[in-house]
Amino acid sequence: LAIFLLFCAAAFFCVVLKNASQNSMSYAVYPMFACLFVSYPLINEIFIYNGASINVCVGYLLTGIAMLIMNHTFELSGKKRIKFLIFCALICFFLMSLYESFILVYVLCVCIVLVLKNLYAAKETPFKATITEILFYAAPLAVGIAAEFVFGKAVIAVFGLSGGYAANTLILPEHFSVSTIISALYTIFRRCVLSGIGYFPVFIFAACLLISAAQCIVICIKRKNISYILFYAGIYLSLFALGLIKFGDMKYRTSQTFALFTSFTIILVLQYFLTLFSHRGAKYARYATVVLCGLLVFYQAADLSRHFSDDYQRWEEERNVLINVGNQIAAGEYSHDKPVIFIGEYTLSDEIMQNKFLRSDDEKYKLLKKLWTGMGGNLDNTDFNETYVLGLAQNENGSVITWAVDGFEECNTELLNIYRYLGYSFKQGSYERYLEVAKMSEELPSYPESGFISELDDCIVVNFGSGKK
């Protein structure tokens, strides 16, 4: 369902691009945009992050619909215009409820539409009129954000609810200073540029950053219109705002803007070369340009499939481990009225690790470390693993078992959810007791050694190990 919705969203975005450019772009551009968008490999971070894929794909679809509504609203006046603006505000309200990061997707779409509108307009739009148009697009978004905030507070107050771990986690660092801002910028630079040395989706994104900067400069010089600086500033803000707000804690699973940005940047390049080779004698040059973009789509799709394949192999390995452990607990002579407390970090097999991490002797890692150290950063991560030292992806790195042991700072809650999915039911221990027992992980035998399951006076302890290799 999520994939179908993603395809529908791509189709809606193509219509948005067609309307914004007044149907002036080549027809080859639109299917290429759709293919680039749905195959952008960073989407693996969303689909692997279970439960978020539907939200994200619905969010993309609603954003495309919102853009079409807003473009149509320009042609209306009076009560009809107000009705459409209210409807668009409701969509923005729903977007906020789905995934807050879609505020930035909306901002990016507005900037893309404004770039295309001005590029293909019969005459340049005055700067004052541009500001008015920006405010017009911003109005339903502002109303939607305010409505979602008020509605959320009201629901919490009426039903006496409390925020979860993520909601209660502070974004700001304990000691705010200029150095924390610089550190955040360095971290964003590493994740959004340097990580491209080993992570293909980020490589594409970093390349598109350079290309889009060149596009902005060329367009501004050629058109002599500073409005484009404003549009591209909005584009870059939509890409990095969340990372800046969270002081460098930038998650790829919340970077929904990346797929739209890279696809848009590439089709602008494609449109440029198709226009450049529009004369009859350059027919094969046009074909070659389209083929090159097609190869990029193919490579993106192959990389995306590899991530899904790696995640499936990881799940199969860890599922078998959990079933094995579950069977041993069930068959053992343990007091089953006691809570079972899982501790330690499971070590994935070499076959899995080599697909997800850079080794300490990998040339890519050495280059990345050299660049990062030169900027005052530190990539040493041997406390986690002595051989596989750096994972460039986020949601598919490492072991799900390890994460689920104390995910969201709770005692095995997520791991026990997985066990229930597999057909097992174990009594949960307290987080305080978990913290006490976890200190024993280095002393106890670890899976699959004999004795990795031990029974204490008040609980059964299962030790998955140290996580090092």
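Helix H10 covers residues 200-223, and its 24 residues reach 34 Å from the first C-alpha to the last, close to the 34 Å expected at 1.5 Å a residue. Right after H10 comes Lys224, with a positive phi near 55°. Keep in mind that this is a predicted model.

Now step back to the whole chain. The protein has 18 helices and five strands. Its radius of gyration is 25 Å, close to the 23 Å that the globule rule gives for 469 residues, so the protein is as compact as a globular protein of that length. Along the principal axes, the C-alpha trace spans about 80 × 55 × 45 Å. Of the 469 residues, 46% are buried. Take the contacts with a separation of 6 or more: 78% of them come from residues 24 or more positions apart. As for the outside, the accessible surface comes to about 23,500 Å², and carbon and sulfur atoms own 63% of that.

Helix H15 is a good place to look at one element in detail. It runs through residues 363-374, and those 12 residues should span 16 Å at 1.5 Å a residue; the end C-alpha atoms are 16 Å apart, which agrees. Inside H15, the residues Tyr365, Leu368 and Trp372 are buried. They sit on the same side of H15, because the arc they cover around the axis is only 65°. The general rule behind this is that an α-helix has 3.6 residues a turn, so residues three or four places apart point the same way. Turn to the face of H15 away from the buried side and you meet the exposed residues Glu363, Lys370 and Gly374. At the start of H15, Asp362 brings a side-chain oxygen to within 2.7 Å of the backbone nitrogen of Lys364.

Further along, strand S3 (388-391) and helix H16 (400-405) are joined by a loop that holds Leu392. Is Leu392 buried or exposed? With a relative accessible area of 8%, Leu392 falls under the 20% cut-off, so it is buried. For a sense of distance, the C-alpha atom of Leu392 is separated by 40 Å from that of Glu133, a residue 259 places away along the chain.

H16 itself contains Thr402. The side chain of Thr402 reaches the backbone nitrogen of Tyr346 at 2.9 Å. Setting aside residues up to four places away in sequence, Thr402 touches Glu345 and Tyr346.

Leave H16 by its far end and you come to the loop leading to helix H17 (413-422), where Asn412 is found. Asn412 has a positive phi, near 65°, in a residue other than glycine. Its relative accessible area is 0%, so Asn412 is buried. H17 then has its own set of buried residues: Thr413, Glu414, Leu415, Leu416, Ile418 and Tyr419. What covers them? The cover includes helix H13 (283-331), strand S1 (340-345), H16 and S5. Just after H17, Gly423 takes a positive phi of about 100°.Towards the C-terminal part of the chain, the loop between helix H18 (431-438) and strand S4 (453-455) holds Pro448. The peptide bond that leads from Tyr447 into Pro448 is cis, with omega near 5°. Beyond S4, Cys459 has its place in the loop between S4 and strand S5 (460-466). At 1% relative accessibility, Cys459 counts as buried. Which residues is Cys459 in contact with, leaving aside its neighbours within four places in sequence? They are Lys338, Pro339, Ile341, Arg433 and Ser454. Pro339 is 120 residues from Cys459 in sequence, yet their C-alpha atoms are 5.1 Å apart in space.

One last stop takes us back to the loop between helix H1 (2-20) and helix H2 (29-39), where Gln22 is found. Gln22 is not a glycine, but its phi is positive, about 55°. Unlike the buried Asn412, Gln22 counts as partly exposed, at 49% relative accessibility.

Note on methods. Residues numbered from 1 in each chain as written. Predicted model: local features only at pLDDT ≥ 70, side-chain atom pairs only at ≥ 80, totals over all residues. Heavy atoms only, no water. Helix = DSSP H or I, 4+ residues; strand = E, 2+ residues; numbered from the N terminus. Expected span 1.5 Å × (residues − 1). Buried < 20%, exposed > 50% of the residue type's maximum accessible area, 1.4 Å probe, protein only. Arc of directions from axis to C-beta. Polar contact = N/O pair within 3.5 Å; in protein donor to acceptor, adjacent residues only side chain to side chain. Rg over C-alpha atoms; globule rule 2.2 N^0.38 Å. Contact = heavy atoms within 4.5 Å. Areas by Shrake-Rupley, 256 points an atom, 1.4 Å probe, with all protein chains shown as cover.
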